Amino acid sequence: MKSCGRCSRQSPDEANFCPQCGAPLDESGGPETVSVDQSTAASSQDEETLWRLFIGPNADRYLETFKKFASSGGPRFALSWNWPAFLYISFLWFLYRKMYLHAFVYAVGPMVSAYLTGDMSAGLVWGIMAGVTGNYLYYWHCREHIERIKKIGGLSQADREAALKEAGGVQPYVIWVGVALYILFFISLAKMAQEGAPDRDGRPAKQVEFTRVKASQGSS
């Protein structure tokens with residue numbers, strides 16, 4: 001006999017629908033299967049809630065992107081693009097998302113690369129690297145911290161939520177640091193445009209011209 005998962009009416013094994021309420025009869029036994037499905041759905045929803053609490057702003061966008069990394073059964077890299085990590089001075093984006101080690105690497109890396117190669121475009125290469133890998137690095141950052149907090153015993157639900165928000169989320173002050181750096185950058189560009197391109201000794205063109213004028217006046 002089969003038991004209806006909706007009204008609990010007993011029906012013959014060969015029946016496909018409940019004669020009392022018309023609900024389809026599951027061959028695996030009804031109520032137990034429904035209970036397992038509901039438990040799985042609730043567990044999945046709880047897991048997503050943890051990720052949302054940790055990510056904070058723009059959680060929907062990041063969760064949609066993270067599906068690419070976990071869609072094939074296990075975490076693996078997939079091509080994606082993170083505009084803030086590319087446009088907004090890469091190390092500041094990592095700092096904004098509390099990824100301190102990555103922020104340090106992307107702060108020092110471009111300077112060391114430019115110094116060793118003598119090519120100022122090295123920063124652009126690092127920015128492209130951040131744009132391509134930023135989402136994947138952030139996915140692992142979230143995953144590791146969430147799993148670590150889940151393993152802490154004795155935490156109430158409120159304490160766990162507070163721990164997730166504290167470890168994750170963002171640092172809004174970083175936005176203003178970036179704005180200040182961009183302002184300084186544009187001021188420097190404007191100053192360079194006024195003074196002209198530097199010569200081989202690193203002196204502005206206007207300063208070199210002024211020196212030449214003074215020298216010619218002195219010799220005459």
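Glu47 is partly exposed in this predicted model, with a relative accessible area of 25%, and this residue forms a salt bridge with Lys150, in which the closest N and O atoms are 3.0 Å apart. The pair links distant parts of the chain, since Glu47 belongs to helix 1 (residues 31-55) and Lys150 to helix 6 (residues 122-150), with their positions 103 residues apart. Lys150 is likewise partly exposed, at a relative accessible area of 29%, and together with Glu47 and Glu147 it is linked in a network of salt bridges.

A search of the whole structure finds five salt bridges, among them the three pairs set out here.

| Pair | Closest N to O distance |
|---|---|
| Lys150 and Glu47 | 3.0 Å |
| Arg52 and Asp60 | 2.4 Å |
| Lys67 and Glu64 | 3.3 Å |

In the pair of Arg52 and Asp60, whose side chains meet in a salt bridge, Arg52 counts as partly exposed at 33% relative accessibility, whereas Asp60 is exposed, with a relative accessible area of 52%. Lys67 and Glu64, by contrast with the pair that links distant parts of the chain, both lie in helix 2 (residues 59-70), three residues apart, which is about one turn of the helix. Lys67 is exposed, its relative accessible area being 51%.

Another feature of the surface is a nonpolar patch of about 860 Å², made by Tyr173, Ile175, Trp176, Val177, Val179, Leu181, Ile183, Leu184 and Ile187. Of these residues, Ile183 is placed in helix 8 (residues 173-195), and Ile183 is partly exposed, with a relative accessible area of 46%.

Key: Residues are numbered from 1 along each chain as its sequence is written. This is a predicted model: local features need pLDDT of at least 70, side-chain atom pairs count only at pLDDT 80 or more; totals for chains, interfaces and linings use all residues. Side-chain values use heavy atoms; hydrogens and water are left out. Patches are made of residues with over 30% relative accessible area and no salt bridge: like charges are joined within 9 Å, nonpolar side chains (Val, Leu, Ile, Met, Phe, Trp, Tyr) within 5 Å. Accessible areas come from the Shrake-Rupley method with a 1.4 Å probe; for residues, only the protein chains shown count as cover. A salt bridge is a side-chain nitrogen of Lys or Arg within 4 Å of a carboxyl oxygen of Asp or Glu. Helices (H or I, at least four residues) and strands (E, at least two) are DSSP runs, numbered from the N terminus. Buried means under 20% relative accessible area, exposed over 50%, partly exposed in between (1.4 Å probe, protein chains only).
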